[in-house]
Amino acid sequence: MLYFWGMLKREQFGDDFEWGVTISAFQNEGWSDADGKGPSIWDTFTSNTSNINNADKIGHASNFYKQFEEDIKLASQMGLDVFRFSISWTRILPNGTGTVNAKGIAFYNKVIECCLSNGLKPYVTLYHWDLPQVLHEEGGWTNRQIVDWFLAYTEVCVQQFGDRVKHWVVMNEPMTFTGLGYFMGYHAPASKGIINFLKAAHHAVLCMAQGGRLIRKYIPDAQIGVALSCSYVKPVNRLPKNVRAAKRMEALLNRFFIEPLLGMGYPTDVMPALKMIQMIFKKGDEQRMHFDFDFIGLQYYFRVVARHSLNPPILFADEIPPVERKAILNTMNLDVYPKGLNKLLHFYAAYPKVKSIVLSESGVCFPDFLVNDHVYDTRRLKYHQKMLRQVKKAINQGLPIKGYFVWTLVDNFEWKEGFEPRFGLVYVDFKTQKRTIKHSGNWFREFLKGKVE
Ligand code: BGC
């Protein structure tokens with residue numbers, strides 16, 4: 001069958017293409033001290049509401065701990081194949097290491113069973129930023145021991161769930177949690193400085209690679225990946241110093257984690273000062289940093305326009321704020337630019353060791369209004385259509401793109417930005433926890449049923 005280039009139809013993506021949604025433990029579950037769960041750095045950070053936009057209180061977030069069956073059914077009724085969620089480290093290991101909390105294990109067993117009985121493949125993310133508070137008090141990501149702690153946690157997860165879970169995402173967006181949480185002090189645990197960042201980042205690389213090896217040992221047929229943030233970066237103009245600044249920005253945002261994981265080391269070619277990260281290395285780290293991942297998850301939310309700057313050191317580049325550029329902004333004032341996706345997919349597919357790529361998160365926050373039980377979020381709908389066209393183009397160009405997971409199923413707690421940014425296909429009234437499928441969610445269901453856009 002022939003379609004116009006601009007038309008979208010599920011079958012154009014291939015029979016094996018996986019359609020999914022992604023959520024995360026801290027943003028969705030709520031009930032942060034129920035049934036023996038220990039505190040994470042995000043429980044601590046959000047307990048001081050002055051850290052959060054509008055002083056929002058997280059409360060029970062979007063109540064996944066109690067409403068997981070309803071949410072998983074909603075995903076299944078949309079015709080999706082994949083339900084990606086993360087495990088809360090302190091729900092299963094309240095003290096970070098040591099005693100396993102049977103009630104936490106029971107909860108995730110129920111979630112996994114519910115996915116399977118609703119025809120959804122569970123994709124489990126091991127780390128989506130909610131580090132145990134007790135481990136933070138011992139240095140957290142800046143302490144090399146994090147590698148042992150993380151592996152102990154990983155081992156519990158694969159032992160408990162590995163008989164049913166075959167898809168594992170070892171870590172979610174290491175650049176976001178190390179950059180915002182350990183360099184800028186903007187996210188939990190609000191640490192700052194270049195040394196904290198380099199330590200946290202290097203330890204995250206070791207955890208991803210070592211974690212991958214451990215999962216492979218227990219589950220030889222597992223599909224193992226990581227979820228990396230990426231941005232379409234362009235220089236503000238063609239002045240050589242700005243072009244070079246954009247190259248460094250690109251190295252930081254798009255190459256910093258994938259290259260060591262692929263065995264290529266950190267991108268010191270454009271950032272020679274980054275060589276100082278080797279001070280943190282232990283003998284054998286070059287080999288330890290590398291793992292043969294089955295898939296790379298990409299998460300592209302915004303474009304960056306870069307220019308030369310004396311700050312921050314090592315990078316010597318900064319971003320021209322999207323507001324100043326009069327860009328199309330989402331609720332978080334980020335520059336929404338779907339056209340950048342195809343170029344990014346080419347960039348990652350060009351690494352010879354990248355076997356396949358999944359859009360492990362894709363979504364946008366725009367203001368939503370619930371009117372007479374309807375949310376006409378046409379801008380979100382159009383955004384997904386534009387992103388999907390970029391994916392389809394990449395598939396037609398022969399790139400190994402294997403899935404598209406929407407961020408996110410239901411509106412949830414957007415970290416420091418609180419409840420204001422809504423990304424869901426389903427609207428949540430956070431007072432009553434009532435779910436209303438948005439216009440975009442209805443479109444997705446019809447699209448997945450095979451209807452041409
Ligand atoms: C993260 C999510 C977050 C989303 C939207 C990603 O960086 O993985 O936790 O909610 O972006 O900002």
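**Close-up views of a predicted model**

**Figure 1. Arginine 255 is buried, with a relative accessible area of 12%.** The model shown here, as in every view below, is predicted. The cut-off for buried is under 20% relative accessible area. Arginine 255 therefore falls in the buried class at 12%. This residue is found in helix 10. Its side chain makes polar contacts with two acidic side chains. One partner is glutamate 259, at 2.8 Å. The other is aspartate 269, at 3.0 Å.

**Figure 2. The second largest cavity has Arg255 in its lining.** The volume of this cavity is about 60 Å³. Its lining runs through several parts of the chain. Pro174 and Met175 take part, as do Leu228 and Ser229. Leu252, Leu253, Asn254 and Arg255 also line the cavity. Phe256, Phe257, Ile258 and Tyr348 complete the list. Which helix gives the largest share of this lining? Helix 10 does, with 4 residues. Helix 8 (174–183), strand 5 (223–235) and helix 10 (240–255) each supply at least two lining residues. By class, the lining has 9 nonpolar, 2 polar and 1 charged residues.

**Figure 3. The largest cavity has a volume of about 110 Å³.** It is one of 3 cavities of 30 Å³ or more in the structure. How many residues line the largest cavity? The lining holds 16 residues. Those nearest the centre are Phe26, Gly30, Ser32, Lys37 and Asp43. Three helices each supply at least two lining residues: helix 1 (25–28), helix 2 (41–47) and helix 4 (89–92). The class split is 4 nonpolar, 7 polar and 5 charged.

**Figure 4. The ligand site places polar side-chain atoms beside ligand oxygen atoms.** In the side chain of glutamate 173, an N or O atom lies 2.6 Å from an oxygen atom of the ligand. For glutamate 361, the corresponding distance to a ligand oxygen atom is 2.8 Å. Tryptophan 415 has a polar side-chain atom 2.9 Å from an oxygen atom of the ligand. How much of the ligand's area does the protein bury? Taken alone, the ligand exposes 310 Å², and the protein buries 93% of that.

**Figure 5. The shell around the ligand mixes nonpolar, polar and charged residues.** The split is 5 nonpolar, 4 polar and 3 charged. Glu173, Glu361 and Glu414 are among the residues around the ligand. Trp129, Trp407 and Trp415 also belong to the shell, along with Tyr301 and Phe423. Gln27, His128, Asn172 and Gln299 are there too.

**Figure 6. The second largest pocket has a volume of about 300 Å³.** Its lining consists of 16 residues. Which of them lie nearest the centre of the pocket? They are Ile328, Val336, Pro338, Tyr383 and Lys386. Helix 15 (residues 378–396) gives the largest share of the lining, 6 residues. By class, the lining of the second largest pocket divides into 8 nonpolar, 1 polar and 7 charged residues.

Note on methods
Residues are numbered from 1 along each chain as its sequence is written. This is a predicted model: local features need pLDDT of at least 70, side-chain atom pairs count only at pLDDT 80 or more; totals for chains, interfaces and linings use all residues. Side-chain values use heavy atoms; hydrogens and water are left out. On a 1 Å grid over the protein atoms alone, a cavity is a set of points where a 1.4 Å probe fits but cannot get out, and a pocket is an open set with protein on both sides within 12 Å along at least five of seven lines; lining residues have an atom within 4 Å of a point. Grid points are joined across faces, edges and corners, and a volume is the space filled by probe spheres set on the points. Ala, Val, Leu, Ile, Met, Phe, Trp, Tyr, Cys and Pro count as nonpolar, Asp, Glu, Lys and Arg as charged, and the others, Gly among them, as polar. A residue is near a molecule or strand if one of its heavy atoms lies within 4 Å of it. A polar contact is a pair of N or O atoms within 3.5 Å; within protein, one must be able to donate a hydrogen and the other to accept it, and residues adjacent in sequence count only if both atoms are side-chain atoms. Accessible areas come from the Shrake-Rupley method with a 1.4 Å probe; for residues, only the protein chains shown count as cover. Buried means under 20% relative accessible area, exposed over 50%, partly exposed in between (1.4 Å probe, protein chains only).
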